[in-house]
Amino acid sequence: MTEASLAAHAAAGRALIRDKALVAGHWVAGDGAVEVDDPAERTRLGSVPRLSAAQVEEAVAQAAAAFADWSRRKPVERGRFLSAWADRVDAAEQALAALISLENGKPYAEALGEVRYANSFIRWFAGQAERMDGEVIATSAGDTVLTFKEPVGPVAAITPWNFPAAMITRKAAAAFCAGCTVVLKPASATPFTALALAELALEAGLPPGAFSVVTGDQAVIGGVLTGSPLIRKLSFTGSTPVGRLLAAQCAPTLKKLSMELGGAAPLIVFEDADLDVAVEGTIKGKFRNAGQTCVCPNRIYVHARVREAYLDRLAAAVAALKVGKPFEAGAQIGPLIDDKGLAKVEDHVARTVAAGGRVLTGGARHALGGGFYQPTVLDGGDDEMFLHEETFGPVAPVFAFDSDDEAIARANASEFGLAAFVFTRDLDRAMRAARAVEAGVLGVNSGLVSNAANPFGGVKQSGYGREGSVYGLDDYVQVKSVTLALR
Ligand code: NAP
């Protein structure tokens with residue numbers, strides 16, 4: 001892609017920026033504003049309103065009112081709406097990708113990949129709308145039980161900044177498919193993509209009250225959404241401490257919960273692995289979005305016999321990654337979201353070196369300045385910190401192991417359990433690892449584990465609930481059983 005076409009995309013992305021929140025089809029201002037920055041240029045991109053509690057309550061009331069209508073629409077109508085929404089997202093994909101790059105900083109090509117991935121959820125659930133099948137069960141007493149899948153009710157969704165489009169659609173598309181309505185609070189760092197997606201949904205025929213996007217103070221919005229008895233479910237993606245807080249806030253109203261929380265994924269390279277496949281998988285898993293993904297390998301365990309060969313290939317591949325601004329041709333690694341993210345990466349590298357680790361490539365801020373950090377490979381040191389803290393940056397720490405049992409034990413030593421990755425050519429070994437690893441999603445010879453057809457979610461302190469697939473839809477329904485006493 002040429003610099004000129006990338007500049008044109010950037011302009012189209014800017015044109016999608018709205019400085020208002022979207023409440024039941026109306027663009028509304030608030031009491032003050034939340035500034036939104038461009039993390040690559042370190043300039044102000046715009047702002048969104050700081051809504052009052054009363055304005056958020058209005059969005060909730062409208063979602064409850066719209067639920068009565070939307071939940072009774074025929075499945076074919078809900079599916080048709082989702083298809084129409086997906087068509088509009090397809091048509092706007094370049095501008096949406098540019099908007100993601102502007103507010104998140106990820107390279108344009110990667111942002112375009114995110115829009116397509118985000119839209120795959122809308123399409124998948126468009127097809128699923130007509131397949132909300134229940135069961136017929138014969139009881140021991142000779143009765144017949146029918147099960148109905150009914151939408152849980154108005155839903156609150158709270159999302160993070162690292163996937164400004166995909167985190168929205170994998171919740172909202174499932175919710176609309178089930179017949180739920182949604183009040184969404186996007187991350188304050190990346191609200192514009194969420195607003196643009198909601199605008200497209202309303203253009204595609206969704207009743208206005210069925211999708212509101214509220215912006216502003218996290219505690220004010222969180223307080224209303226978690227406290228309201230009208231909201232019947234909260235789907236949250238973000239950090240584990242905030243997830244715990246929100247779950248506690250939801251307890252008095254006993255909402256159904258989905259908690260997609262932090263991770264500290266292990267990646268294991270067994271001694272029989274194809275090292276080229278392992279390196280390719282490591283790069284895809286670790287360096288996407290500059291390492292700012294919940295599934296990205298946080299600690300890499302390599303069998304001692306292949307450690308050196310793997311490190312040589314990994315360091316060479318990582319050194320070749322192009323760091324650049326999002327609209328620079330060929331850019332592969334963008335900036336970290338903010339100074340806090342940068343400081344954490346620097347801290348993890350410094351602590352690893354202090355513990356005896358070596359920097360094989362990278363290990364410092366990038367010459368571009370701002371939030372840019374060099375893609376880094378570390379060899380050795382102590383994995384203790386990486387069990388408990390997500391680096392959330394382009395740093396691959398590698399540790400050696402001597403036996404399969406040791407690798408699995410170290411993989412499971414973390415309180416988190418979102419993703420894990422294993423590389424091996426031995427099917428028995430792969431299956432043993434698949435059974436033993438404590439994670440919600442596992443990649444075997446793959447660094448990518450996210451797909452609309454794949455149930456995605458964590459165990460342990462990475463949360464509960466699943467997104468994508470029929471399991472993701474189940475998170476938005478309640479099962480009603482009807483007993484037919486046949487005489
Ligand atoms: P975060 O600080 O937990 O924020 C996530 C969302 O929660 C944002 O919208 C944030 O609003 C909001 N929030 C924060 N405090 C709140 C409160 N007291 N009440 C209501 N809402 C509140 O996480 P983040 O830094 O944006 O995202 C990174 C984290 O997300 C990482 O831990 C990553 O692993 C995790 N993640 C998990 C998955 C998954 O599927 N498991 C996917 C992606 C990311 P503001 O933006 O206004 O602060």
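**Strands and helices around β11, and two further sheets**

Let me begin with a pair of strands, since five bridges join strand β10, residues 233-237, to strand β11, and these two strands run parallel. I should say at once that what we are looking at is a predicted model. Within this pairing, S235 has S258 of β11 as its bridge partner. To get from β10 to β11 the chain passes through helix α9, residues 240-250, and the β-α-β crossover made in this way is right-handed.

Staying with β11, which covers residues 256-260, is this strand enclosed by the rest of the structure, or left open? Four of its five residues are buried, that is, under 20% relative accessible area, so the strand is largely enclosed by the rest of the structure. β11 also pairs with strand β21, residues 463-464, this time in the antiparallel sense and over two bridges. In that pairing, M259 has Y464 of β21 as its bridge partner.

The helix of the crossover, α9, brings us to another helix, α8, which spans residues 218-227, and the axes of the two come within 8 Å and cross at roughly 45°. An angle of that kind falls outside the ranges for roughly parallel, roughly perpendicular and roughly antiparallel, and α8 and α9 are therefore oblique to each other. As for handedness, α8 passes α9 in a right-handed crossing. On the α8 side the contact is made by G222, G223 and T226, and on the α9 side by L246, Q249 and C250.

Now to a second region, where seven strands form an open sheet with mixed pairing, and where the order across the sheet is β14-β15-β16-β13-β12-β18-β19. At the edges are β14, residues 358-361, and β19, residues 441-444, each of which pairs on one side only. If direction is ignored, neighbouring strands of this sheet are turned by 25° against each other on average. Inside the sheet, strand β13, residues 299-303, runs parallel to strand β16, residues 395-401, and four bridges join them. One of the positions to look for is H303, whose bridge partner in β16 is F401. Which strands does helix α14, residues 404-411, lie across? They are β12, residues 266-269, together with β13 and β16, and the helix runs at about 140° to β16.

The third region is another open sheet, made of three strands in the order β5-β6-β22, and here the pairing is antiparallel. Its edge strands are β5, residues 136-138, and β22, residues 477-484, each pairing on one side only. Neighbouring strands in this sheet are turned by 30° against each other on average, again with direction ignored. Three bridges join β5 to strand β6, residues 144-151, and in this pair A138 stands opposite T144 of β6.

I will finish with one more pair of helices, α4, residues 93-104, and α7, residues 191-203, whose axes come within 8 Å and cross at roughly 155°. Since angles over 145 degrees count as roughly antiparallel, that is how α4 and α7 are placed relative to each other. The contact between them is made by L96, L99, I100 and E103 of α4, and by P191, F192, T193, A196, L197 and L200 of α7.

Notes. Residues are numbered from 1 along each chain as its sequence is written. This is a predicted model: local features need pLDDT of at least 70, side-chain atom pairs count only at pLDDT 80 or more; totals for chains, interfaces and linings use all residues. Side-chain values use heavy atoms; hydrogens and water are left out. Buried means under 20% relative accessible area, exposed over 50%, partly exposed in between (1.4 Å probe, protein chains only). Two strands pair if DSSP finds at least two bridges between them. A crossover is right-handed if, with the strands pointing away from the viewer, the path from the first strand over the helix to the second runs clockwise. Axes are lines fitted to C-alpha atoms, for helices over the stretch in contact, and angles run from 0 to 180 degrees between N-to-C directions. Angles under 35 degrees count as roughly parallel, over 145 as roughly antiparallel, 65 to 115 as roughly perpendicular and the rest as oblique. A crossing is left-handed if the near helix is turned anticlockwise from the far one by less than a right angle, and right-handed if clockwise. Contact means heavy atoms within 4.5 Å.
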